[in-house]
Amino acid sequence: MTAIEPLTPVSEIDIVQFPWAIHTSRYTCPDIARRERDAIWMKCWQIAGRADELPNPGDWKRHDLLDQSFVIVRGKDGKLRGFVNACRHRGNILCDAAKGHTPKFTCPYHLWTYDLDGTLFAVARPDLVGPIDKGEHKLIEVSVDTAFGFIFLNPDPQAGPLAEFLGDQVTARLDAYKLGEMTPVGMDVREELDCNWKVVVDAFSEGYHIIGVHPELLKVIDLQAGNSRHGIFGDHGCAVSPFEVKDAANASLEEQVQAIRDLPSTFPTVAEVLPLFESMIAARRDAEGALLLGEGETVRTILQQATRETLTAKGLDVTSLADDQMSDNQGWFLFPNMFMTIRAGEATTIMAWPHPSGDPNKCVW
């Protein structure tokens, strides 16, 4: 269903090229945290929200990053722009709330007013201010762009294009899921943790912990090292393990079917696929109730077919997704701090930032 090159088996990856021993100072040293601020957070494209948070001209949201604050706004021309959240006069903060709507930005200190494109529109008591070139006093703009329905922001004045940062491979693979057409639902949690932000990224970038923390997943995710697939795309990466009953080669057909039935306890969205899946299974039983599969069919391929047909019936376009993507979860990491599990029709995103205080032993996720 897709011409995209498949992910690589772990056995074919040169593991030696990666440094596995990382000193604990990377997680605890204040000096390293300060270096990360300058080299990563003030230089790198990073997700700052969803584009559908700001649907109308004048809709804005604030994005704070360590000791810096930015405001992202939908302009009158429909374009998203980002600015340093400070008036050009005396540096007073423009937007104190988390989000809002406004026809113009007015500094509450001296009432300097800016248009949505950052242009200085008017100053209070121009007779007191004296001659001023409004064109020289625009809000300081930062790079903002969108991809996969997310808003990306880069504080670096010399930032290159977002498309270049993501790369063609990442863009093509994630575009296929049509994330921009998905609607945020479910739990939205933001909280502080007593650990470095990289601890969160580390935790969600490996499946090794499933054995101890999520043993219930072992029934439906094949963690055999030789069966996992990986993609390394510059600073970004993707990993996937087959989504089926453990040791499928030695499991009976009925055990495989039951494993699919148990999926909603861990993956609730599978529930809407089960009615069609059950009818497809029933249609393949003989008079005695024995399950007889056709040539090339497996319980996994039946789940994939049921998923494709269910999503298509809902009006979702899944034609660009391969059959494996109808069943398997892909775990994506976008540098520096975004992790996403994604399968046809759904995605869960997790992000971690350094704590505003700069304390390397704290973070916000």
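**Close-up A. Leu111 in the loop between strands E7 and E8.** In this predicted model, Leu111 belongs to the loop that runs between strand E7 (105-106) and strand E8 (113-114). Have a look at the backbone here: phi of Leu111 is positive, about 65°, although the residue is not a glycine. With a relative accessibility of 47%, Leu111 counts as partly exposed, because it falls short of the 50% that exposed residues must exceed.

**Close-up B. Lys178, another non-glycine residue with a positive phi.** The loop shown here connects helix H5 (168-175) with strand E12 (192-193), and Lys178 sits in it. The phi angle of Lys178 is near 55°, a positive value in a residue other than glycine. Lys178 has a relative accessibility of 26% and so counts as partly exposed.

**Close-up C. The cis peptide bond at Pro336.** Follow the chain from Phe335 to Pro336 and you will meet a cis peptide bond, with omega near 5°. Pro336 is placed in the loop between strand E15 (330-334) and strand E16 (338-343).

**Close-up D. Arg50, a buried charge without a salt bridge.** Arg50 is part of strand E2 (residues 46-50). Which side chain of opposite charge is nearest to Arg50? That is Asp52, at 4.2 Å. Arg50 is buried and has no salt bridge, because the 4.2 Å to Asp52 is beyond the 4 Å cut-off. What, then, lies 3.0 Å from a polar atom of the Arg50 side chain? The backbone oxygen of Phe148 does. Phe148 is also among the residues in contact with Arg50 once neighbours within four places in sequence are left aside. The others in that list are Gly149, Phe150, Ile151, Leu179, Gly180, Met182 and Pro184.

**Close-up E. Phe204 and Trp365, a stacked ring pair.** A pair of aromatic rings is described by the distance of the centres and the angle of the planes. The model has four aromatic pairs in its count. In the pair shown, the ring centres of Phe204 and Trp365 are 6.0 Å apart and the planes meet at 25°, so the pair is stacked. Where in the chain do Phe204 and Trp365 lie? Phe204 is in helix H6 (residues 197-204), while Trp365 is in the segment after strand E19 (363-364). The two residues are 161 residues apart, and the pair thus links distant parts of the chain. Phe204, at 26% relative accessibility, is partly exposed. Trp365 is partly exposed as well, with a relative accessible area of 27%. Step back a little and Phe339 joins the view: ring pairs link Phe204, Phe339 and Trp365 into a cluster.

**Close-up F. Two positive charges over aromatic faces.** Which ring has Arg190 over its face? The ring is that of Trp353, and Arg190 lies 5.0 Å from its centre. The companion panel shows Lys198 over the face of Tyr27, at 5.2 Å from the ring centre.

**Close-up G. Asp31 and Arg35 along helix H2.** Side chains of opposite charge can pair when their charged atoms come close. The model's count comes to 23 salt bridges, and here is one of them: Arg35 and Asp31 meet with an N to O distance of 3.9 Å. Both residues lie in helix H2 (residues 30-41), four residues apart, about one turn of the helix. Is each partner exposed or partly exposed? Arg35 counts as exposed, at 53% relative accessibility, whereas Asp31 is partly exposed, with a relative accessible area of 36%. Include Arg34 in the frame to see the network, since salt bridges link Asp31, Arg34 and Arg35.

**Close-up H. Arg37 with Asp38.** Arg37 and Asp38 form a salt bridge in which the closest N and O atoms are 2.8 Å apart. Arg37 is partly exposed, with a relative accessible area of 22%. Asp38 is partly exposed too, with a value of 42%.

**Close-up I. Asp77 with Arg81, an exposed residue joined to a buried one.** How far apart are the closest N and O atoms in the salt bridge of Asp77 with Arg81? They are 2.7 Å apart. Asp77 is exposed, with a relative accessible area of 54%. Arg81 is buried, with a relative accessible area of 13%, so the salt bridge pairs an exposed side with a buried one.

Methods
Residues numbered from 1 in each chain as written. Predicted model: local features only at pLDDT ≥ 70, side-chain atom pairs only at ≥ 80, totals over all residues. Heavy atoms only, no water. Buried < 20%, exposed > 50% of the residue type's maximum accessible area, 1.4 Å probe, protein only. Lys, Arg positive; Asp, Glu negative; His and termini not counted. Polar contact = N/O pair within 3.5 Å; in protein donor to acceptor, adjacent residues only side chain to side chain. Contact = heavy atoms within 4.5 Å. Phe/Tyr/Trp six-rings, centres within 6.5 Å; stacked < 30°, edge-to-face > 60°. Lys NZ or Arg CZ within 6 Å of the ring centre and 35° of its normal.
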